[in-house]
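Me: I am new to this structure and should like to understand the terms used to describe it. Please set each term against its definition.

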Amino acid sequence: KDPTTLVDLKANILYIVIYMENLNLPQLETPLHILAVDDDATNLLVIEKMLKPCGCEVERATSGKEALDKVWKKLPDVILLDVMMPEMDGFEVCRKLKSSSETRLVPIIIVTALQEKEDKIKGIQAGCDDFISKPIDRLELIARVHALGQVKRLNDDLDHAESVVLSLARAEGNFTKISLR
């Protein structure tokens with residue numbers, strides 16, 4: 001049996017179940033760009049199938065390095081990050097993103113099967129914004145992604161407003177210098 005066919009089949013069954021339950025899933029005015037990072041293709045498909053009906057655009061990465069490369073190319077609104085991955089674990093990816101001024105405000109949700117308090121503390125110390133336990137509950141995922149997506153958009157609006165105010169202040173300073181001469 002082809003494993004990719006089984007993965008697609010599982011994801012399509014989940015997709016059908018989501019629609020058959022006929023839930024009033026919240027829709028976004030403008031889609032959120034989500035980066036889902038997991039070394040397991042099935043988990044990535046499940047996340048995508050859960051979020052797409054709500055108007056999210058889901059981009060996938062299968063390693064920490066690939067995730068960092070994708071973030072630098074297009075800044076996501078929210079990152080869903082698995083912890084246990086080869087080469088670079090989710091904690092390290094989170095630390096790298098939160099230490100950069102360009103990416104420090106991108107919300108990161110750690111998606112993990114780890115349940116120990118020490119693991120959660122490690123995630124908080126790395127800078128994550130929230131946790132979701134595996135297996136993923138669809139409504140919890142949607143609620144957390146929407147909430148942190150709104151926080152990201154509000155931060156973006158504040159950054160834009162700050163740059164406008166600074167531009168006006170500079171222009172006013174230049175106008176005052178010209179008028180005093």
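**Reasons behind the descriptions**

Reply: Residues 24 or more positions apart account for 68% of the contacts in the chain with a separation of 6 or more. The model is a predicted one. Its chain has 6 helices and 5 strands, and along the sequence these follow the pattern α-β-α-β-α-β-α-β-α-β-α. Of its 181 residues, 38% count as buried. The chain exposes about 10700 Å², of which carbon and sulfur atoms supply 57%.

Me: Why is Ala41 called partly exposed?

Reply: The relative accessible area of Ala41 is 43%. Buried means under 20% and exposed means over 50%, with partly exposed in between. The value of 43% lies between these two limits, so Ala41 is partly exposed. Ala41 is found in helix H2, residues 41–51. The C-alpha atoms of Ala41 and Thr62 are separated by 7.5 Å, the two residues being 21 residues apart along the chain.

Me: What makes strand E3 largely enclosed by the rest of the structure?

Reply: Strand E3 covers residues 78–82, and 5 of the 5 residues are buried, so the strand is largely enclosed by the rest of the structure. Buried here means a relative accessible area under 20%. Both faces of E3 are covered: Val78, Leu80 and Asp82 are buried on one side, and Ile79 and Leu81 are buried on the other.

Me: How do you know that E3 and E4 pair?

Reply: Two strands pair if there are at least two bridges between them. E3 and strand E4 (residues 108–112) have 4 bridges, so they meet this condition, and they pair in the parallel sense. In E4, Ile109 is the bridge partner of Leu80. Strand E1 (residues 33–37) is also joined to E3 by 4 bridges, and these strands run parallel. Opposite Leu81 in E3 stands Val37.

Me: Why are H4 and H5 called roughly parallel to each other?

Reply: Two packed helices are described by the angle between their axes and the distance between the axes. The axes of helix H4 (residues 90–98) and helix H5 (residues 117–126) come within 8 Å and cross at roughly 25°. Angles under 35 degrees count as roughly parallel, and H4 and H5 are therefore roughly parallel to each other. The contact is made by Phe91, Cys94, Arg95 and Lys98 of H4 together with Asp119, Lys122, Gly123 and Ala126 of H5.

Me: What kinds of residues form the contact of H4 with H5?

Reply: The residues of this contact divide into 3 nonpolar, 1 polar and 4 charged. Gly counts as polar under the classification used.

Key. Residues are numbered from 1 along each chain as its sequence is written. This is a predicted model: local features need pLDDT of at least 70, side-chain atom pairs count only at pLDDT 80 or more; totals for chains, interfaces and linings use all residues. Side-chain values use heavy atoms; hydrogens and water are left out. Helices (H or I, at least four residues) and strands (E, at least two) are DSSP runs, numbered from the N terminus. Buried means under 20% relative accessible area, exposed over 50%, partly exposed in between (1.4 Å probe, protein chains only). Contact means heavy atoms within 4.5 Å. Accessible areas come from the Shrake-Rupley method with a 1.4 Å probe; for residues, only the protein chains shown count as cover. Axes are lines fitted to C-alpha atoms, for helices over the stretch in contact, and angles run from 0 to 180 degrees between N-to-C directions. Angles under 35 degrees count as roughly parallel, over 145 as roughly antiparallel, 65 to 115 as roughly perpendicular and the rest as oblique.
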